[in-house]
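Subject: Handing over the structure

Hello,

Here is the structure I promised to pass on. Please open it beside this email, and then read on for what was found.

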Amino acid sequence: MATSASDVRETPFDMVGGATVVRQVVDLFYDLMDRDPAYAALRSLHAPDLALMRESLAGFLNAWLGGPRDWFTEHPGVCVMSAHAKIRVDRETADQWIDAMGRSIADSPIDPQLGARMIEALSGMASGMVRSPS
Ligand code: HEM
């Protein structure tokens, strides 16, 4: 059966503007985290050099949005939750992550309605990473 143009579903990855816009959001996010003292606790959990994190978060978000899945091929057996298993995420750092990501998406060219759905889903993911104090 022939495939018509209407059969080709646009993914959220296409709708945000692809890898260029994803990388823009990630760069805004780590720039904010690096410079704004409001995110000091979150920043202190990360290595001094954020270059690898910029690559990794952008790669994850590309796949999460339905784009290229290279991140999963490069991280066999890893999911984003298990990637945080050894990181002491508490409510404060999770809220800082959500706030910085919300600002970064809002400052990007992403359509506000789609951006709101993204931050809602990402907030749930970040909240799921919060570990109770042991
Ligand atoms: C809940 C708040 C969060 C905190 C405090 C946090 C913190 C961290 C830290 C400290 C690292 C390691 C960084 C380093 O090695 O320098 C990391 C890695 C990473 N985080 Fe988060 N994170 C949070 C939420 C998220 C969310 C919601 C996502 C996905 C949307 C995410 C995606 C990633 C990715 C892809 C990596 C790199 C994994 C790798 O390359 O092995 N993080 N995170």
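How many aromatic pairs does the count come to? The count comes to five aromatic pairs. Keep in mind throughout that this is a predicted model.

**Aromatic rings**

Take Phe 29 and Tyr 30 to begin with. Their ring centres lie 4.9 Å apart, and their planes stand at 75°. Planes over 60 degrees apart count as edge-to-face. The pair of Phe 29 and Tyr 30 is therefore edge-to-face.

Are these two residues buried or exposed? Phe 29 is buried, with a relative accessible area of 0%. Tyr 30 is buried too, at 2%. Buried means under 20% relative accessible area, so a value of 2% falls in that class.

Now look at Trp 71 and Phe 72. The centres of their rings are 5.0 Å apart. The planes meet at 80°, so this pair is edge-to-face as well. Trp 71 counts as buried, with 5% relative accessibility. Phe 72 is partly exposed, at 28%.

Which residues do ring pairs link into a cluster? They are Phe 29, Tyr 30 and Trp 97. Keep Trp 97 in mind for the ligand, where it is among the residues that come nearest.

**The chain as a whole**

Step back to the full chain. The protein chain has seven helices and zero strands. Along the sequence the pattern reads α-α-α-α-α-α-α. The C-alpha atoms fill a box of roughly 60 × 35 × 25 Å, taken along the principal axes. The chain has 134 residues, and 36% of them count as buried.

**The ligand**

Where does the ligand sit? The ligand sits in the largest pocket. There are 21 residues around it. Those that come nearest are Ala 47, Met 53, Ser 56, His 84 and Trp 97.

Some polar atoms lie beside the ligand's oxygen atoms. A polar side-chain atom of Ser 56 is 2.6 Å from an oxygen atom of the ligand. At Ala 47 the partner is a polar backbone atom, 2.9 Å from a ligand oxygen. At His 75, an N or O atom of the side chain lies 3.3 Å from an oxygen atom of the ligand.

Which helices supply at least two residues each to the shell around the ligand? They are H3 (40–45), H4 (51–64), H6 (91–106) and H7 (112–128). H4 gives the largest share, with four residues.

What kinds of residue make up this shell? There are 16 nonpolar residues and five polar ones. The shell has no charged residues.

**A few residues to find**

Try locating these in the viewer. Each one comes with a C-alpha distance to check.

- Phe 29, from the ring cluster, lies in helix H2, residues 18–35. Its C-alpha atom is 9.0 Å from that of Arg 54, and the two are 25 residues apart along the chain.
- Leu 45 is in helix H3. It is partly exposed, with a relative accessible area of 39%. Leu 45 and Ser 56 are eleven residues apart in sequence and 16 Å apart in space, C-alpha to C-alpha.
- Leu 52 is found in helix H4. Is Leu 52 buried or exposed? Exposed means over 50% relative accessible area, and Leu 52 has 71%, so it is exposed. Its C-alpha atom is 24 Å from that of Arg 131, which is 79 residues away along the chain.
- Ala 116 has its place in helix H7. It counts as partly exposed, at 42% relative accessibility. The C-alpha atoms of Ala 116 and Glu 74 are separated by 29 Å, with their positions 42 residues apart along the chain.

**To recap**

The chain has seven helices and zero strands. The ligand sits in the largest pocket. H4 supplies the largest share of the shell around the ligand. Phe 29, Tyr 30 and Trp 97 form a cluster through ring pairs.

Best wishes

Definitions and conventions
Residues numbered from 1 in each chain as written. Predicted model: local features only at pLDDT ≥ 70, side-chain atom pairs only at ≥ 80, totals over all residues. Heavy atoms only, no water. Near = heavy atom within 4 Å. Polar contact = N/O pair within 3.5 Å; in protein donor to acceptor, adjacent residues only side chain to side chain. 1 Å grid on protein atoms, 1.4 Å probe; cavity = no way out; pocket = protein on both sides within 12 Å on 5 of 7 lines; lining within 4 Å. Sits in = over half its atoms within 2 Å of the grid points. Nonpolar A, V, L, I, M, F, W, Y, C, P; charged D, E, K, R; others polar. Phe/Tyr/Trp six-rings, centres within 6.5 Å; stacked < 30°, edge-to-face > 60°. Buried < 20%, exposed > 50% of the residue type's maximum accessible area, 1.4 Å probe, protein only.
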